[in-house]
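Hi everyone, thanks for making time today. I'd like to walk you through a structure that is probably new to most of you, so let's bring it up on the screen.

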Amino acid sequence: MAGTMEVLEEVIAEFHEFGVPEAKERELTLPLNVDVAVSVYGLRRTGKTHLLYLAMRKLIENGLPIERIFT
């Protein structure tokens, strides 16, 4: 398991260094001001990852430090 944790830590550090990838604005958005987990599921290649990128960008624009995402 130590190998898996090291890889995960490396991926998170890389994310914090390079930031959220660009994503095209969509009509659909995720709720950002909730106190519960939000699940995103659906068919393959329907934009789930880009929807999450947009939500992360909005959180950062609203003042959340990128280091608080995936910590």
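Let me start with a residue on the outside. Arg45 has a relative accessibility of 81%, so it counts as exposed, since the cut-off for that is over 50%. Before we go further, please keep in mind that this is a predicted model.

Where does Arg45 sit along the chain? You'll find Arg45 in the loop that runs between α1, residues 2-18, and α2, residues 48-61. Have a look at its backbone too: Arg45 is not a glycine, and yet its phi is positive, at about 60 degrees. There is another positive phi just after α2, where Gly63 takes a value of about 105 degrees.

Let's stay with that loop for a moment. Pro31 also belongs to the loop between α1 and α2. With 43% relative accessibility, Pro31 is classed as partly exposed. If you follow Pro31 across to Ala55, the two C-alpha atoms are 8.2 Å apart, although 24 residues separate the pair along the chain.

Now to α2 itself. This helix has 14 residues, which should span 20 Å at 1.5 Å a residue, and the distance between its end C-alpha atoms is 20 Å, so the two agree. Which residues of α2 are buried? They are Leu51, Leu54, Ala55 and Met56.

Met56 is a good one to follow inwards. Setting aside neighbours within four places in sequence, Met56 has contacts with Phe15, Val20, Ile69 and Phe70. Met56 is also part of the largest nonpolar core, a group of five residues whose other members are Phe15, Val20, Ile66 and Ile69. As a bit of background, nonpolar side chains tend to be buried together in soluble globular proteins.

Let me finish with the charged residues. How many salt bridges does a search of the whole structure find? It finds one. The partners are Glu22 and Arg57, and their closest N and O atoms are 3.2 Å apart. Glu22 comes from the loop between α1 and α2, while Arg57 is in helix α2, so this pair ties together parts that lie 35 residues apart in sequence. Glu22 is exposed, at 65% relative accessibility, whereas Arg57 is partly exposed, with a relative accessible area of 27%.

That's my tour. Thanks for listening, and feel free to rotate the model yourselves.

Notes: Residues numbered from 1 in each chain as written. Predicted model: local features only at pLDDT ≥ 70, side-chain atom pairs only at ≥ 80, totals over all residues. Heavy atoms only, no water. Core = buried A, V, L, I, M, F, W, Y, C linked by side-chain atoms within 4.5 Å. Buried < 20%, exposed > 50% of the residue type's maximum accessible area, 1.4 Å probe, protein only. Contact = heavy atoms within 4.5 Å. Helix = DSSP H or I, 4+ residues; strand = E, 2+ residues; numbered from the N terminus. Salt bridge = Lys/Arg side-chain N within 4 Å of Asp/Glu carboxyl O. Expected span 1.5 Å × (residues − 1).
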